[in-house]
Amino acid sequence: MKAIFSSRPDTHYNDDITYRYQFPRNYLRVAERTIGDWIIFHQTQRGSGRAGYFSRARVENVVPDTENPRRYYAILSSYEQFYRVVPFRKPDDTYWENSLRDLSPDRVGVNIRGKSVRIISERDYTEIVFMGFAELLRRSNVDRLELHDALDPLYDPTKEPELQDATTRERIVQSLTSNRILRDAAFRGLVLDAYDDTCAITGLCIVNGQGKVETNAAHIRPVADNGPDVVRNGLALSATCHWAFDRHLLSLSDDGELILSKNLTRRFRSLLPVEGEKIYLPSDESLRPNPAFLAHHREIFESKWGSPVS
């Protein structure tokens, strides 16, 4: 069954919500009902939270915490960040979750207290996920990210996403689950937004007359190696830099300083900034590469080429 998992940036639980979600024993029965299905993550404003629904993941299993008998872990896969945070309330000021819809606003907080893991309906899940990716589906992004062929035939990109009928919204959510092209496009859009469509290494921003952006989104830790589709696991790179980064011909320090393989030709090096120079990074530090992902990339770099040299 579908559910909401609530989290906080300043949580005292041992969470890494891209892979696992820790919860107390009183949520066990509810959490077990979600095994094999999708859940949506939600945060309030407490602890500098995102104040809405912001991502989803699939629950693979629920296991005991071997170090704390009063806690358990939901083991997660296919973590996916929404293209935009969905506010707790709809534009008409009602709530997305059916169980909250008939409550007065002053009762909602009391109702969900002690319900950090709570079941939601398929319909509520579909509506929240669709709105999480609605911005991705607007005409400007369909052109920018070349999504025309990946969209469901029933989807009309000339209409605003919110005006699509219920059947089309449901089919789009199903496509987002099964269609890697759409998921890649969502990841790419988030990364390009963070880097202003600019290659982090060359500093170039190339957009053609139809609005298509030349820059790619590179995973720092590959999806095949359990790397999540989150901005902090991404870099905006030109096609050539993306090719070199994926082959570990170049890497980055935790501070974003460029590291080059000693096997790079002089001609290729001439296309890049000098080694040790800092690349272009988002001004928002919360969007910059996660040091753990960079360390993983450097480990492979060093296993191939040895320690970096100046």
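Helices and strands are taken here as DSSP runs, with at least four residues for a helix and at least two for a strand, and they are numbered from the N terminus. Counted in this way, the secondary structure of the chain comes to 9 helices and 10 strands. The model is a predicted one, and what follows describes the chain as a whole before turning to its sheet, its helices and a few single residues.

**The chain as a whole**

The radius of gyration of the chain is 21 Å, close to the 19 Å that the globule rule gives for 310 residues, so the chain is as compact as a globular protein of that length. Taken along the principal axes, the box filled by the C-alpha atoms is roughly 65 × 55 × 30 Å. Of the 310 residues, 49% count as buried, while the surface that the chain exposes comes to about 15500 Å², with carbon and sulfur atoms supplying 48% of it. When contacts between residues at least 6 apart in sequence are considered, 63% of them join residues at least 24 apart.

**The six-stranded sheet**

An open sheet of 6 strands can be followed in the order S2-S5-S4-S3-S1-S6, and its pairing is mixed. Strand S2 (20-24) and strand S6 (117-119) stand at the edges, each with a single partner strand, so one side of each is left without a neighbour in the sheet. On average, and with direction ignored, neighbouring strands of this sheet are turned by 35° against each other.

Three of the pairings in the sheet are set out below, each with one pair of residues that stand opposite each other.

| Strand pair | Sense | Bridges | Residues standing opposite |
|---|---|---|---|
| S4 and S5 | antiparallel | 10 bridges | Gly52 and Pro87 |
| S1 and S3 | parallel | 4 bridges | Ser6 and His42 |
| S1 and S6 | antiparallel | 3 bridges | Ala3 and Ile119 |

In the pairing of S4 with S5, strand S4 covers residues 52-64 and strand S5 covers residues 71-87. Strand S1 (residues 3-6) has both of its faces covered, with Ala3 and Phe5 buried on one side and Ile4 and Ser6 buried on the other. Two of these residues also appear in the table, where Ser6 stands opposite His42 in S3 and Ala3 stands opposite Ile119 in S6.

**Helix H3 against the sheet**

Helix H3 (residues 122-132) packs on the sheet, where it touches strand S3 (38-43), S4 and S5, and its direction makes about 55° with that of S5. The helix is mostly covered, since 8 of its 11 residues are buried. The buried residues of H3 are Asp124, Tyr125, Thr126, Glu127, Ile128, Val129, Phe130 and Gly132, and what covers them includes S3, S4 and S5 as well as helix H5.

**Helices H5 and H6**

Helix H5 (residues 166-178) also packs with helix H6 (residues 180-194), at an angle of about 85° and with their axes 5 Å apart. Angles of 65 to 115 degrees count as roughly perpendicular, and that makes H5 roughly perpendicular to H6. Where the two helices meet, Ser175, Leu176, Thr177 and Ser178 in H5 are in contact with Arg180, Leu182 and Arg183 in H6.

**Two loop residues with positive phi**

Asp197 is found in the loop between H6 and strand S7 (216-219), and has a positive phi of about 60° although it is not a glycine. With a relative accessible area of 16%, Asp197 is buried, as the term applies to residues under 20%. Asn226 has its place in the loop between S7 and strand S8 (234-237), and the phi of Asn226 is near 70°, again a positive value in a residue other than glycine.

**Pro291 in helix H9**

Pro291 lies in helix H9 (residues 291-305). Its relative accessible area is 36%, and Pro291 is therefore partly exposed, a class that lies between the limits of 20% for buried and 50% for exposed. Leaving aside neighbours within four places in sequence, Pro291 is in contact with Arg232 and Asp254. Pro291 and Asn233 are 58 residues apart in sequence, and their C-alpha atoms are 9.4 Å apart in space.

Conventions:
Residues numbered from 1 in each chain as written. Predicted model: local features only at pLDDT ≥ 70, side-chain atom pairs only at ≥ 80, totals over all residues. Heavy atoms only, no water. Pairing = 2+ DSSP bridges. Axes fitted to C-alpha atoms, helices over the stretch in contact; angles between N-to-C directions. Contact = heavy atoms within 4.5 Å. Rg over C-alpha atoms; globule rule 2.2 N^0.38 Å. Buried < 20%, exposed > 50% of the residue type's maximum accessible area, 1.4 Å probe, protein only. Areas by Shrake-Rupley, 256 points an atom, 1.4 Å probe, with all protein chains shown as cover. Parallel < 35°, antiparallel > 145°, perpendicular 65-115°, else oblique.
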